[in-house]
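Biologist: I would like to go through this structure with you. Could we take it one region at a time?

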2 protein chains.
Amino acid sequence: MLARWGEKQLTSAEIADSLVSNPVLVRRILGSLRVAGLVRSTEGRNGGWTLARPAKRITLYDAYAAVEDGPVLSRHPHPPSADCEVGRNIQSLLEVEFQDAERAMAERLGRTTIDDLVREVLAIERRLPARHR
Amino acid sequence: MLARWGEKQLTSAEIADSLVSNPVLVRRILGSLRVAGLVRSTEGRNGGWTLARPAKRITLYDAYAAVEDGPVLSRHPHPPSADCEVGRNIQSLLEVEFQDAERAMAERLGRTTIDDLVREVLAIERRLPARHR
DNA sequence: CCTAAATGTAACCACGATGGTGGCAGTAAG
DNA sequence: CTTACTGCCACCATCGTGGTTACATTTAGG
């Protein structure tokens, strides 16, 4: 949404409205994005949110990494018995595999930018003018 | 563990012991793996679990898919407002991106077999005999 | 035939993560 | 000085999950 409406600042209430959700929840997420340097907020009256850099330079991976903290593939918190040949080695071996797999996913997410999505949205809307309101 | 100990059937209690966990939980997971055709179980006295096919033909993706039901990248259950250009298109666009990203991860997981891991475990153990018990 | 050792499953609890809500302080515009 | 925002905390309800107990079922072995 921020990319689509360009320079205009959007408030968390407007965004929440469109998401059929709640301003606080929206601010929570946008807060994570701000910490990651993807969006900026201004306080006070007429405040709101904008992208911190051009949509062309924000990838899906950037957004994903900003919001998701832990890894996607769940490691077991609880190490197995060190008495077992397999047990005492499997965690570090799987760690490598999982990191590689996650890297592959991240790499793919990094190939699409927010700008790509906005362009696709506009292309679809141009193709189906009947759906306009 | 099943691959490492080859033909020998292991009981859920033995496995749970080594995992410092609980037989029922182990049976739950093994149950999913059985549904996926990766392991076999025999009931009754001297029962237990074995691989259903050679470890060389079981990949990490097989195990992952057997256990994980939903997709890793969370879609939003709750569709945004259709009144918004972005809202009414973003879900299907993201769906494509997410599926691609998940496919990339799955492809990477599919490159490693259980047998690969067992070989690595044995290699490490051979290299560090001091750690043996 | 009976017992012991397994799986198979359901019920249940405790815990943590998460969506959602309200409240309130801080800040900036008019 | 009021209004409209963000920022943040505390709280609740819900849900998924690990974990446990219990019990029915199956099979081997004395």
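Modeller: Certainly. Please note that this is a predicted model. Let us begin with A:Thr112, which is in contact with A:Ile58, A:Thr59, A:Leu60, A:Leu117 and B:Glu97, leaving aside its neighbours within four places in sequence.

Biologist: Where is A:Thr112 found in chain A?

Modeller: A:Thr112 sits in the loop between α4 (87–109) and α5 (114–127) of chain A.

Biologist: And is A:Thr112 buried or exposed?

Modeller: A:Thr112 has a relative accessible area of 6%, so it is buried; the cut-off for buried is under 20%.

Biologist: Let us change topic. How many aromatic pairs does the structure hold over all chains?

Modeller: There are two aromatic pairs over all chains. In one of them, the ring centres of A:Tyr61 and A:Tyr64 are 5.9 Å apart and the planes stand at 45°, so this pair is tilted.

Biologist: How are A:Tyr61 and A:Tyr64 placed in helix α3 of chain A?

Modeller: They are three residues apart in helix α3 (residues 60–67) of chain A, which means that about one helical turn separates A:Tyr61 from A:Tyr64. A:Tyr61 counts as partly exposed, at 33% relative accessibility, whereas A:Tyr64 is buried, with a relative accessible area of 18%.

Biologist: What about B:Tyr61 and B:Tyr64?

Modeller: The ring centres of B:Tyr61 and B:Tyr64 lie 5.9 Å apart with the planes at 45°, so that pair is tilted. B:Tyr61 and B:Tyr64 are three residues apart in helix α3 (residues 60–67) of chain B, and about one helical turn separates them. B:Tyr61 has a relative accessible area of 32% and is partly exposed.

Biologist: Now the DNA. Which residues come nearest to DNA strand C?

Modeller: There are 22 residues around DNA strand C, and A:Arg28, A:Glu43, B:Ser12, B:Arg34 and B:Ser41 come nearest. Of the atoms of DNA strand C that come within 4 Å of the protein, sugar and phosphate account for 60%.

Biologist: Which side chains have a polar atom by a phosphate oxygen of that strand?

Modeller: Among them are B:Arg34, with a polar side-chain atom 2.2 Å from a phosphate oxygen of DNA strand C, and B:Trp49, with one at 2.9 Å from a phosphate oxygen of that strand. In addition, a polar side-chain atom of A:Asn46 lies 3.4 Å from a sugar or linking oxygen of DNA strand C.

Biologist: Which element gives the most to the surface near DNA strand C?

Modeller: That is α2(B), with four residues. The residues of this surface comprise four nonpolar, 10 polar and eight charged.

Biologist: And which residues come nearest to DNA strand D?

Modeller: Of the 22 residues around DNA strand D, the nearest are A:Ser12, A:Arg34, A:Ser41, B:Arg28 and B:Glu43. Sugar and phosphate make up 62% of the atoms of DNA strand D that come within 4 Å of the protein.

Biologist: What do A:Ser41 and B:Gly44 lie by on that strand?

Modeller: A polar side-chain atom of A:Ser41 lies 2.7 Å from a phosphate oxygen of DNA strand D. For B:Gly44, a backbone N or O atom lies 3.4 Å from a base oxygen of DNA strand D. The elements giving two or more residues to the surface near this strand are α2, β1 (39–42) and β2 (48–51) of chain A, together with α2 of chain B.

Biologist: Where does the largest share of that surface come from?

Modeller: It comes from α2(A), with four residues.

Methods
Residues are numbered from 1 along each chain as its sequence is written. Chains are lettered from A and ligands numbered from 1 in the order in which they are written. This is a predicted model: local features need pLDDT of at least 70, side-chain atom pairs count only at pLDDT 80 or more; totals for chains, interfaces and linings use all residues. Side-chain values use heavy atoms; hydrogens and water are left out. A residue is near a molecule or strand if one of its heavy atoms lies within 4 Å of it. A polar contact is a pair of N or O atoms within 3.5 Å; within protein, one must be able to donate a hydrogen and the other to accept it, and residues adjacent in sequence count only if both atoms are side-chain atoms. Ala, Val, Leu, Ile, Met, Phe, Trp, Tyr, Cys and Pro count as nonpolar, Asp, Glu, Lys and Arg as charged, and the others, Gly among them, as polar. Buried means under 20% relative accessible area, exposed over 50%, partly exposed in between (1.4 Å probe, protein chains only). Contact means heavy atoms within 4.5 Å. Rings of Phe, Tyr and Trp (its six-membered ring) pair if their centres lie within 6.5 Å; planes under 30 degrees apart count as stacked, over 60 as edge-to-face and the rest as tilted.
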